[in-house]
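Hi there,

Here is the structure I promised to pass on to you. Please have a look at it first, and then read my notes below.

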Amino acid sequence: MITNPFLDPGRQGELYGKPARLARRSSALMRAKIAGRPVPETIVQLAQAHRTESDRLPGLVADIGCGRGTSSRVLAEQLKPQRLVGIDASPALLAAARSRAGHHPGTLLAFLQGDFHQLPLLDDSCELAVAAFCLYHSPDPGRAIAEIARTLGAGGLAVLVTKALDSYSDMDALIAAAGLDPRAERHESLYATAHGGNLADLAQSALDVVAVEHEEHRFEFSGLDHAAEYLATNPKYDLAPGLYGNPGALAAALHEWHPDKPISTTSVITYVVARSAGGRT
């Protein structure tokens, strides 16, 4: 029986059939964030830092698991590649990415539906491949990383990004203490297959890892209403009918059990930079 919603094919329509859930989740987290570099800009900085002097300006950049296109837009603005391809399994998220991408002179943008286990890209075609916050949606992330390796040209870079297993664990405790899901702290981590503790090893199976960075991101939710905006988007919990996806009802339930005060939590973000095996050093 599949218990991790990120690995359950039957829940992908619920999670990614519309962009609204991700938009609400991102908005709640970004308003709570008090420490940690912006992830898309950090990806750009890492890619630039690990380019060699002989590297050309990027010809093709692939943003794998591009979601709503936040990273795609920053990659286009700051790296100015000749082409940028955003790839995602969700048609709804791709539509949102296209509408948010903007116009970037000199860069041809395209957004393609595809499975990261079978990328719609030619062998040796990419100078840079980015896979941020998507590999833990695979039951076999090593296979997805092997696909990334296949698409990288000689010396091509990959920047892989994930979260720690215990990310946002304070929120699990909040839900459990309120009795809304007594098992909240015992559910498998949503990031179980590709997390900060194993991502470098997964990458090393198909790529040459050149850098690993871990950075703690800290969040402070202003109160229970704000926390409920995030928690109502989290598929990890077994909530009573009417609470999942309903921040108002979830906030009301939390207010019955907890004093209304700021709530802090953390997530350690891991960045792995890797070069195509046998590439330039």
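Let me start at the N-terminal end: is Asn4 buried or exposed? Please keep in mind for this and everything below that the model is predicted. Asn4 counts as buried, because its relative accessibility is 4% and the cut-off for buried is under 20%. Asn4 sits in the segment before α1, the helix of residues 12–16. Beyond residues up to four places away in sequence, Asn4 touches Glu188, Ser189, Leu190 and Ala192. The C-alpha atom of Asn4 is 28 Å from that of Arg150, with the two positions 146 residues apart along the chain.

Pro5 belongs to that segment before α1 as well. With a relative accessibility of 5%, Pro5 counts as buried. Setting aside neighbours within four places in sequence, the contacts of Pro5 are Arg11, Gln12, Leu15, Leu190, Pro235 and Lys236. Leu190 thus turns up in the contacts of Asn4 and in those of Pro5. Tyr136 is 131 residues away from Pro5 along the chain, yet their C-alpha atoms are separated by 11 Å.

Now to the cores. The largest nonpolar core contains 62 residues, and Leu160 and Leu231 have the most contacts inside it. Which helix gives the most to this core? That is α9, residues 224–231, with five residues. Leu231, leaving out neighbours within four places in sequence, is in contact with Met171, Leu174, Ile175, Tyr237, Leu250 and Leu254. There is another core apart from this one, with 21 residues that include Leu46, Leu75, Leu157 and Val161.

The helix pair α7 and α9 deserves a look of its own. The axis of α7 (residues 169–177) comes within 12 Å of the axis of α9, and the two cross at roughly 105°. That crossing makes α7 roughly perpendicular to α9. On the α7 side, the residues that meet α9 are Met171, Leu174 and Ile175. Their counterparts in α9 are Leu224, Ala227, Tyr230 and Leu231. Sorted by class, this contact has seven nonpolar residues, with no polar and no charged ones.

For the annotated part of the chain, the UniProt record (an unreviewed entry) lists "domain: Methyltransferase type" for residues 63–159. In the model, this span is 32% helix and 30% strand, and its end C-alpha atoms lie 10 Å apart.

Two helices are worth going through by their buried faces. In α4, residues 70–79, the buried residues are Ser71, Ser72, Val74, Leu75, Ala76 and Leu79. What covers them? The cover includes α3 (39–49) and the strands β2 (60–64), β3 (83–88), β4 (108–113) and β5 (126–132). Leu75 is also among the residues of the 21-residue core. In α5, residues 91–100, Ala92, Leu93, Leu94, Ala96 and Ala97 are buried. Their cover includes α1, α2 (20–32), β3 and β4.

A few backbone angles may interest you too. Most residues other than glycine have a negative phi. Lys80, which follows α4, has a positive phi near 50°, although it is not a glycine. Lys80 lies in the loop between α4 and β3, and at 56% relative accessibility it counts as exposed. Phe133 is another non-glycine residue with a positive phi, near 55°. Phe133 is in the loop between β5 and α6 (141–151), and with a relative accessible area of 25% it is partly exposed. After α5 comes Gly102, with a positive phi near 80°.

Last, where is Ala240 found? Ala240 is in the loop between α9 and α10 (247–255). At 41% relative accessibility, Ala240 counts as partly exposed. Its C-alpha atom is separated by 27 Å from that of Met30, which is 210 residues away along the chain.

Best wishes

Terms used. Residues numbered from 1 in each chain as written. Predicted model: local features only at pLDDT ≥ 70, side-chain atom pairs only at ≥ 80, totals over all residues. Heavy atoms only, no water. Core = buried A, V, L, I, M, F, W, Y, C linked by side-chain atoms within 4.5 Å. Buried < 20%, exposed > 50% of the residue type's maximum accessible area, 1.4 Å probe, protein only. Helix = DSSP H or I, 4+ residues; strand = E, 2+ residues; numbered from the N terminus. Contact = heavy atoms within 4.5 Å. Axes fitted to C-alpha atoms, helices over the stretch in contact; angles between N-to-C directions. Parallel < 35°, antiparallel > 145°, perpendicular 65-115°, else oblique. Nonpolar A, V, L, I, M, F, W, Y, C, P; charged D, E, K, R; others polar. UniProt positions renumbered as here; feature names shortened; annotations may be inferred.
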